[in-house]
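Here is a short briefing to read alongside the structure. Take a moment with the view below, then follow the points by topic.

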Amino acid sequence: MDVSMSRKIIFTFIILAAISFYITLLFNWCLISNVSKSLPIWQNNPIIHNDDTPLMQYSTSVRVVSLLEGNDTDLNDISPKYRLLREQGLKAERQYPNALIIGVKKGGTRALLEFIRIHPDVRAAGSEVHFFDKNYHRGLQWYRSHMPLTLEGQLTIEKTPSYFITKEAPWRVQMMNPSTKLLVVVRDPVTRAVSDYTQATSKKPDLKRFEDLVFINGTVGSIVDTSWGPIKLGLYYKYLSRWLKFFPFSQLLFISGERLILDPAVELKRVQDFLGLKRVVTEKHFYFNATKGFPCLFKSEGHSAPHCLGKTKGRNHPFIDPRVLQRLRDFYRPFNLRFYQMTGINFGWV
Ligand SMILES: Nc1ncnc2c1ncn2[C@@H]1O[C@H](COP(=O)(O)OS(=O)(=O)O)[C@@H](OP(=O)(O)O)[C@H]1O
């Protein structure tokens, strides 16, 4: 091999080495710049989850927040949805309820809550909070912490049916907010008593027969035992007069439990008007489920598919001696009349 030939080989080798070095450099630069671009994306998009537990991911502590149920500090979160809300001047907060479904037990209170919360301007506490009866000692902050997050303009609603019969509840609610709107779902006290009893037997199957508990000495002709819870609770006028000592009549709305089953849209129209809401919940939201025998929903906040209320709503009632039922109707008649006079509504219980 002559000298000029070996020079050519060395020269070609140098050129090739330079090109390969340049390509490697270019490749590494692209790689580094892409990785650094993707890092802020991880940081700006924390994973949305229903739990508050921190999640370790990509060796980084990622705060897990729920858009709907998080606490107030979640608002400082940099999730794009919150940023969007903030940019629009919207702030999500927990607030005390503007309206309460105060009763009556077994009147159809769950149905009312589930129906009204379809409304986009309504947010509801999912379970009964029992603040104004059992949990009052826990304080208002505790109560508020059990409320859902709401945006400006949205109403907060809570339902605990035992409020209606709790002696202290009227003044306690008034102390919280004298403008609180009060919703009362009422139902024929006779069927309500049977419904109450049916629920009690589901928890205590060895409970005496309804017929044996209704009367003081257990016989049909004798005195109705008004100390027995299912009977006492049907004396609506008595409980209502307590509430009227603390709230003007205009702040109460009475919903017929029977109409809520037969024609939910009509009752929901009244409820929306009373709460100052646009009439959004209409007949289009309901269908009648013949098997269940009750109106059900096409969709709601938590379900995108048609669904009915749970198994504990719309139970089969036991057979009750018709003479006992008639005796109870006669017993309630004067008290119902008094209630009709107080509310200005004839609920048609016969
Ligand atoms: N749409 C629909 N689906 C199912 N059930 C309905 C509905 N609308 C009203 N109801 C009636 O609601 C009764 C239960 O009342 P409450 O929800 O107030 O009960 S509770 O006090 O919260 O336990 C329940 O009483 P029972 O029939 O005795 O189970 C129902 O009659």
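The notes below go from the whole chain to the annotated site, the ligand shell and the nonpolar cores.

This is a predicted model. The protein chain has 12 helices and 11 strands. Two places to look at as you turn the model are Lys-106, which UniProt lists under "active site" in an unreviewed entry, and helix H3 (109-116), which follows the loop holding that lysine.

**Overall chain**
- Buried residues account for 26% of the 350 residues in the protein chain.
- Taking contacts between residues at least 6 apart in sequence, 68% link residues at least 24 apart.

**The annotated lysine**
- Lys-106 sits in the loop that runs between strand E4 (99-103) and helix H3 (109-116).
- Is Lys-106 buried or exposed? Lys-106 counts as buried because it has 25 C-beta neighbours inside 10 Å, where 20 or more are needed.
- Apart from its neighbours within four places in sequence, Lys-106 makes contact with Arg-187, Arg-192, Ser-195, Asp-196 and Gln-199.

**Helix H3**
- H3 is largely enclosed by the rest of the structure, because 7 of its 8 residues are buried.
- Those buried residues are Thr-109, Ala-111, Leu-112, Leu-113, Glu-114, Phe-115 and Ile-116.

**Around the ligand**
- The ligand is surrounded by 19 residues, and the closest are Gly-108, Thr-109, Arg-110, Ala-111 and Ser-195.
- Which element gives the largest share of this shell? That is H3, with 3 residues.
- At least two shell residues come from each of H3, helix H6 (189-203), helix H10 (257-262) and strand E11 (294-297).
- By character, the shell holds 8 nonpolar, 6 polar and 5 charged residues.
- Ser-195 is worth a second look: it is among the residues closest to the ligand, and it is also in contact with Lys-106.

**Nonpolar cores**
- The largest nonpolar core has 41 residues, of which Leu-112, Ile-116, Leu-183, Val-184 and Val-185 touch the most other members.
- Elements that each supply at least two residues of this core include E4, H3, strand E5 (122-124), strand E7 (155-159) and strand E8 (181-186).
- Helix H5 (169-176), helix H9 (236-244) and helix H11 (264-274) also each supply at least two.
- Beyond its neighbours within four places in sequence, Val-184 is in contact with Ile-102, Gly-103, Val-104, Phe-164, Leu-252, Phe-254 and Ile-255.
- A second, separate core has 9 residues, among them Val-194, Tyr-197, Phe-210 and Ile-231.
- H3 takes part in both settings, supplying residues to the ligand shell and to the largest core.

Key. Residues numbered from 1 in each chain as written. Predicted model: local features only at pLDDT ≥ 70, side-chain atom pairs only at ≥ 80, totals over all residues. UniProt positions renumbered as here; feature names shortened; annotations may be inferred. Helix = DSSP H or I, 4+ residues; strand = E, 2+ residues; numbered from the N terminus. Buried ≥ 20, exposed ≤ 12 C-beta atoms within 10 Å, placed from the backbone. Contact = placed C-beta atoms within 7 Å. Near = placed C-beta within 6 Å. Nonpolar A, V, L, I, M, F, W, Y, C, P; charged D, E, K, R; others polar. Core = buried A, V, L, I, M, F, W, Y, C linked by C-beta atoms within 7 Å.
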